[in-house]
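Dear colleague,

I am passing on the structure that we spoke about, and below it you will find my notes on what turned up. Please keep it open beside you while you read.

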Amino acid sequence: MKNDVMSHKRVWLITGAGRGMGAEIARAVLAAGDVVVATGRDTERISSALGKSKDLLAVKLDVTSRADAEAAVRAAVDRFGHIDVLVNNAASFYAGYFEELTPEQIERQLTTSLIGPMNVTRAVLPVMRKQRSGHVISISSSAGLAAGFDFVSAYAASKFGLEGWMESLRAEIAPFGITTTVVNPGFFRTELLTEQSTNYAEPSINDYDERRGPLLEYWKAQNGRQSGDPAKLARALVTIARQEPPPRRFIAGADAIGTAEQKVAALKEDIEFDRALSTSLDFDSDD
């Protein structure tokens, strides 16, 4: 039954809230006085990470399951009456050269990090459309903006896909009073690079041997050394969610801004490199 005491508070549904960035976002939202529907595959882990609160509901959700997504949304609405902010945070990381990643690994990457957010958003949108309000925040990556480096082909594919979907979705749902924000974090000290979250391709092609070893060492060494503070990013998301209107994109971290600026510069170079050829492709005026 709807809890009328909670109805004036903003209700956040956060995926992947049992650890890492998701747990930090949940803590920041609770500290700000809002309500959290914290979802993940293991509700005991969520409860252990976040404790107990009348403003907290832990719900089992595997984002790859449409049935789980629909059940989580029903549980949120039954308990709190509405959903104001959805944070698509759950993701995975399959690292390695494209040729050495198996088709099954790439499919799992896309299923978790792209289809998963689609499943949850599809379940939430009817609630937000009925309210004529809501905010969908999707956590992308710097690799969703620029991925010109080794070992992230599958991950970047999922994040580029997430961004294209979100940009188009923004136009589709704006008439219903629903806003969207894509978040591009740089390197934050989350659990993404831990052994539990990162899956590496098995070496299988000799041509990559010389480069593979140093790259594996680099990625494994980054775990626990990232410069970004996830608690600060979580609080920043609370700030963004209160802005009217919220930004369509939030580039999070000085390193992420540097990546974005390099991408903008590269796009400008691409435009100018063949501008004359590009602008000569229309039908001639007398055709």
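This is a predicted model, and I would begin with strand β1, where Val-11 and Leu-13 point one way while Trp-12 and Ile-14 point the other way, and all of them are buried. This fits a general pattern, namely that side chains in a regular strand alternate between the two faces of the sheet.

Strand β1 has two partners that I would like you to find. With β2 it pairs in the parallel sense over four bridges, and Val-11 has Val-35 as its bridge partner there. With strand β4, residues 85–88, β1 is joined by three bridges, again in parallel, and in this pairing Leu-13 has Leu-86 as its bridge partner. If you then follow the chain from β1 through helix α1, residues 20–31, to β2, you will have traced a right-handed β-α-β unit.

From β2 (residues 35–40), you can move on to strand β3 (residues 56–60), since these two strands pair in the parallel sense over five bridges, with Ala-38 standing opposite Ala-58 of β3. Between them the chain passes through helix α2, residues 43–50, and this β-α-β crossover is right-handed as well.

Which residues touch the most other members of the largest nonpolar core? They are Leu-13, Val-37, Ile-83 and Val-120, in a core of 31 residues. Several elements supply at least two residues each, among them β1, β2, β3, α3 and β7, but α4 gives the most, with seven residues. Leu-13 is a good place to look closely, as its contacts beyond four places away in sequence include Val-37, Ala-72, Val-73, Ile-83, Leu-86 and Val-120. A second, separate core of 26 residues includes Ala-17, Met-21, Ala-23 and Leu-233. In soluble globular proteins, nonpolar side chains tend to be buried together.

Finally, please look at helix α3, which has 15 residues and reaches 21 Å from its first C-alpha to its last, close to the 21 Å expected at 1.5 Å a residue. Its buried residues are Asp-68, Ala-69, Ala-72, Val-73, Ala-76 and Phe-80. Why do they line one face of the helix? Seen down the axis of α3, these buried residues fall within an arc of 135°, so they line one face. What covers them includes β1, β2, β3 and α4, whereas Arg-66 and Ala-67, on the other side of α3, are exposed. Just after the helix, Gly-81 takes a positive phi of about 90°.

With best wishes

Methods
Residues numbered from 1 in each chain as written. Predicted model: local features only at pLDDT ≥ 70, side-chain atom pairs only at ≥ 80, totals over all residues. Heavy atoms only, no water. Pairing = 2+ DSSP bridges. Right-handed = clockwise from strand over helix to strand, strands pointing away. Core = buried A, V, L, I, M, F, W, Y, C linked by side-chain atoms within 4.5 Å. Buried < 20%, exposed > 50% of the residue type's maximum accessible area, 1.4 Å probe, protein only. Contact = heavy atoms within 4.5 Å. Expected span 1.5 Å × (residues − 1). Arc of directions from axis to C-beta.
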